[in-house]
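Student: I have a model open and want to check the labels against the numbers. Can we go through them one by one?

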Amino acid sequence: MRILLLQNHDNSGPGYLEEPAAKRGVRFEACMPHLDADDRLPADDSGYDGFLLMGGAMHAGHVDEHPWLEDAAALVRRFTEAEKPVLGICLGSQIVARALGARCYDLATPEVGFVPVALTQAAEADSLLGQGFHNPLHLAQFHSQTFDIPDGATRLMVGEEVPNQAFRFGAATYSFQPHFEVTPEMMTAWVSISEEIVPKLYPTLPETLPHLLQLHHHASHDFCYRVGDAWLALVAKRAASQS
């Protein structure tokens, strides 16, 4: 299976999602238009079985500065219309929401660290989330924007400070605000290189992060593997139906 991967920074790749992908023999084909202006997203979904959109420092609506954001949104719609699975994480989740007509907007205070998020009742019957997870879960966050739930979508996860944390649209288009793919190395790097958000708003986080990782990253890793594998199962099912 071939999955188109939108990656926006060197240190914001699939993380723990590589594990279920390797088990299933999935090939991620990375496109990085933010890092290389010559690296363009494809015009359509041809030849791909799914679309995975990762996080980034830019905002989903910054299309004048980053025109490829419009290309990514168009591809989300194209994959969704073709009923090919889509998975957006953090910035990727906001691109998915915007592509489906929902509003994306700045938070009063960015959400950073390991934050409790709760599964909704609808999540209990969802293909990805209906796996008996502990509720709530503490998952990694590092974002300064959020999104509204698109019309026709189903909200799957909620947070106390940021209500909209995940949704499903149609059969297989998913949006997750938390960085459930994050490894300890990734989260540590993001905190260490933050020049504004962490020093100004979360100055103790560099010191407390090792303890937070000890508390929460094992459950986060398990969540990533099981949710990622379930999403890849949707990709495989859809691909098999077209072969």
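Tutor: Start with pairing: two strands pair if DSSP finds at least two bridges between them. Keep in mind that this is a predicted model.

Student: What makes strand 1 and strand 3 a pair?

Tutor: Strand 1 (residues 2-6) and strand 3 (residues 50-53) are joined by 4 bridges. The cut-off is at least two bridges, so they pair. They run parallel. One bridge links Leu-4 to its partner Phe-51 in strand 3.

Student: Where do these strands sit in the sheet?

Tutor: The sheet is open, with 9 strands in the order 2-1-3-4-9-8-7-5-6 and mixed pairing.

Student: Why are strand 2 and strand 6 called edge strands?

Tutor: Strand 2 (27-31) and strand 6 (137-147) each pair on one side only. From one strand to the next, the twist averages 25°.

Student: Which strands does helix 4 touch?

Tutor: Helix 4 (residues 184-193) packs on the sheet and touches strand 5 (104-119) and strand 6. Its direction makes about 45° with that of strand 6.

Student: Why are helix 4 and helix 6 called roughly antiparallel?

Tutor: The axes of helix 4 and helix 6 (residues 205-242) cross at roughly 160°. Angles over 145 degrees count as roughly antiparallel, so the label follows. The axes come within 11 Å, and the crossing is right-handed.

Student: Which residues make that contact?

Tutor: Helix 4 supplies Pro-184, Met-187, Thr-188 and Val-191. Helix 6 supplies Leu-205, Pro-206, Leu-209, Leu-213 and His-217. By class, the contact has 7 nonpolar, 2 polar and no charged residues.

Student: How do you know whether Glu-83 is buried or exposed?

Tutor: Glu-83 has 58% relative accessibility. Exposed means over 50%, so Glu-83 counts as exposed. Glu-83 lies in the loop between helix 2 (68-81) and strand 4 (86-89).

Student: And Cys-90: buried or exposed?

Tutor: Cys-90 has 4% relative accessibility. Buried means under 20%, so Cys-90 counts as buried. Cys-90 is in the loop between strand 4 and helix 3 (91-99).

Student: What makes the backbone at Glu-83 and Cys-90 notable?

Tutor: Most residues other than glycine have a negative phi. Glu-83 has a positive phi of about 60° and is not a glycine. Cys-90, not a glycine either, has a positive phi of about 55°.

Student: Which peptide bond is cis?

Tutor: The bond from Asn-135 to Pro-136 is cis, with omega near 10°. Pro-136 is in the loop between strand 5 and strand 6. Most peptide bonds are trans.

Methods:
Residues are numbered from 1 along each chain as its sequence is written. This is a predicted model: local features need pLDDT of at least 70, side-chain atom pairs count only at pLDDT 80 or more; totals for chains, interfaces and linings use all residues. Side-chain values use heavy atoms; hydrogens and water are left out. Helices (H or I, at least four residues) and strands (E, at least two) are DSSP runs, numbered from the N terminus. Axes are lines fitted to C-alpha atoms, for helices over the stretch in contact, and angles run from 0 to 180 degrees between N-to-C directions. Contact means heavy atoms within 4.5 Å. A crossing is left-handed if the near helix is turned anticlockwise from the far one by less than a right angle, and right-handed if clockwise. Ala, Val, Leu, Ile, Met, Phe, Trp, Tyr, Cys and Pro count as nonpolar, Asp, Glu, Lys and Arg as charged, and the others, Gly among them, as polar. Buried means under 20% relative accessible area, exposed over 50%, partly exposed in between (1.4 Å probe, protein chains only).
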